[in-house]
Amino acid sequence: TSAEGTDGHCPLSAVQSGIFIQEALNDKSTYGMYSVIELKGQINCRRLEEALNQLIKKHEILRSVISVDHNRVEAILLNQVEIHLEYLENNVNDHIENFRLINREFDIYNGPMYWFLLVKKQNRYFLYTAIHHLLVDGYSISLLIDDLLKLYTNEAETDERSNKSTYRSYVEKEAYFLKNQ
């Protein structure tokens, strides 16, 4: 994973603040959302990696890391983050063993806050994902996976401006709502 420059700072949402506090109380980063998706048909590993990088470019939350400055915790939105999709062919491991391969400590301050592994087992493909809970929840992970598959098949908009709701706009709306209650 490599990152370049920043696209500004953004406060954490209320839920993210709670997760960050729990994270800070632990010795290591443990709040991951894990999934495995069986992909149908022949999968082009390079094309899937391109789609992952398009997904990261499109969704600013996936380009964020955490910053603590003078007791203020916020997300730093990076301009660009590129990942390398890990790939295992002729894998004989079971799902539990494959999850162990991506069950690494997340670096919330420098990244990455996610890992992706594509496994080919006989003629079947499985995409394993590990994404820190600061970035996704149970609902948003399914939206991101759906968007990833659309990007892979060229059925989705790739431009960040095509998002109807960005991370930054969500946090701003939440702050306005909490302030006016």
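Hi everyone, here is a short tour of the overall build of one protein, taken from a predicted model.

Let me start with how far we can trust it. The mean pLDDT of the protein is 86, and 90% of its residues reach 70 or more. Where is confidence lowest, and where is it highest? The low end is strand β1, residues 2–11, with a mean of 70. The high end is helix α2, residues 45–58, at 95. So please keep strand β1 in mind as the part where confidence is lowest.

Now the fold itself. We have five helices and seven strands. If you walk along the sequence, the order reads β-α-β-α-β-β-β-α-β-β-α-α. The radius of gyration is 17 Å, close to the 16 Å from the globule rule for 181 residues, so this protein is as compact as a globular protein of that length. For a feel of the dimensions, the C-alpha trace spans about 55 × 40 × 30 Å along its principal axes.

What about the inside? Of the 181 residues, 41% count as buried. Contacts tell us something too: take those between residues at least 6 apart in sequence, and 74% of them join residues at least 24 apart.

Finally, the outside and the charges. The accessible surface comes to about 10600 Å², and carbon and sulfur atoms account for 50% of that. How many positive and negative charges does the protein carry? There are 19 positive and 26 negative ones, and their mean positions lie 5 Å apart.

That's the tour, thanks for listening!

How values were computed
Residues are numbered from 1 along each chain as its sequence is written. This is a predicted model: local features need pLDDT of at least 70, side-chain atom pairs count only at pLDDT 80 or more; totals for chains, interfaces and linings use all residues. Side-chain values use heavy atoms; hydrogens and water are left out. Helices (H or I, at least four residues) and strands (E, at least two) are DSSP runs, numbered from the N terminus. The radius of gyration is taken over C-alpha atoms; the globule rule is 2.2 Å times the number of residues to the power 0.38. Buried means under 20% relative accessible area, exposed over 50%, partly exposed in between (1.4 Å probe, protein chains only). Contact means heavy atoms within 4.5 Å. Accessible areas come from the Shrake-Rupley method with a 1.4 Å probe; for residues, only the protein chains shown count as cover. Lys and Arg count as positive and Asp and Glu as negative; His and the chain ends are not counted. The place of a charge is taken as NZ of Lys, CZ of Arg, CG of Asp or CD of Glu. pLDDT is the predictor's confidence in each residue, from 0 to 100.
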